[in-house]
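Take a look at the fold below. Start with the whole chain, then follow one helix in detail.

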Amino acid sequence: TSFQSDIGQVMIEKTHIIFVYRIFQEICNNIIKHAHATKVNVSLWMHEQKIHMLVKDNGKGFDETDLDFRSGIGLSSIRQRAAMINAAITINSNKGDGTSILLAFNAA
């Protein structure tokens, strides 16, 4: 696991802290349960009054358009929680090529 941040102190709206925490927790849970990754990189940075959190793994990845793919509660809860705090969420994954999830939310 690696972590990079160019933010000295992450300032998050008090009402959003638990949502960001739960999103990150679910991402980690999905990596552990499904990705079988050997590397996870977490990056935080600030751009245009938004905090960006990128979590990338080198796991097995998935293809949401694959007929055999069944999206579970984890991905939907990540998207729902992001919507509840007006955060942008981008999930990119390819079979055999890992997954990256970018969350961008307003700084306090």
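Helices and strands here are DSSP runs, with at least four residues for a helix and at least two for a strand, numbered from the N terminus. On that basis, this predicted model runs β-α-β-β-α-β-β from the N terminus on. That gives two helices and five strands.

Now the overall shape. The C-alpha trace spans about 40 × 25 × 20 Å along its principal axes. The radius of gyration is 14 Å, which agrees with the value near 13 Å for a compact globule of 108 residues. Buried residues make up 35% of the chain. Among contacts with a separation of 6 or more, 63% join residues 24 or more positions apart. The chain exposes about 7000 Å², and carbon and sulfur atoms supply 53% of that area.

Turn to helix H2, residues 73-84. Its 12 residues reach 16 Å from first C-alpha to last, close to the 16 Å expected at 1.5 Å a residue. Which residues of H2 are buried? They are Gly-74, Leu-75, Ser-77, Ile-78 and Ala-82. These residues lie on the same side of H2, because they cover an arc of only 165 degrees around the axis. The helix repeat fits this picture: an α-helix has 3.6 residues a turn, so residues three or four places apart point the same way.

What does the buried side of H2 pack against? Its buried residues meet helix H1 (17-35), strand S4 (88-93) and strand S5 (99-106). The face turned away from the buried side carries the exposed residues Ile-73, Gln-80, Ala-83 and Met-84. Just after H2, Asn-86 takes a positive phi of about 55 degrees.

Note on methods: Residues are numbered from 1 along each chain as its sequence is written. This is a predicted model: local features need pLDDT of at least 70, side-chain atom pairs count only at pLDDT 80 or more; totals for chains, interfaces and linings use all residues. Side-chain values use heavy atoms; hydrogens and water are left out. The expected span of a helix is 1.5 Å times one less than its number of residues. Buried means under 20% relative accessible area, exposed over 50%, partly exposed in between (1.4 Å probe, protein chains only). The arc is that of the directions from the helix axis to the C-beta atoms. Contact means heavy atoms within 4.5 Å. The radius of gyration is taken over C-alpha atoms; the globule rule is 2.2 Å times the number of residues to the power 0.38. Accessible areas come from the Shrake-Rupley method with a 1.4 Å probe; for residues, only the protein chains shown count as cover.
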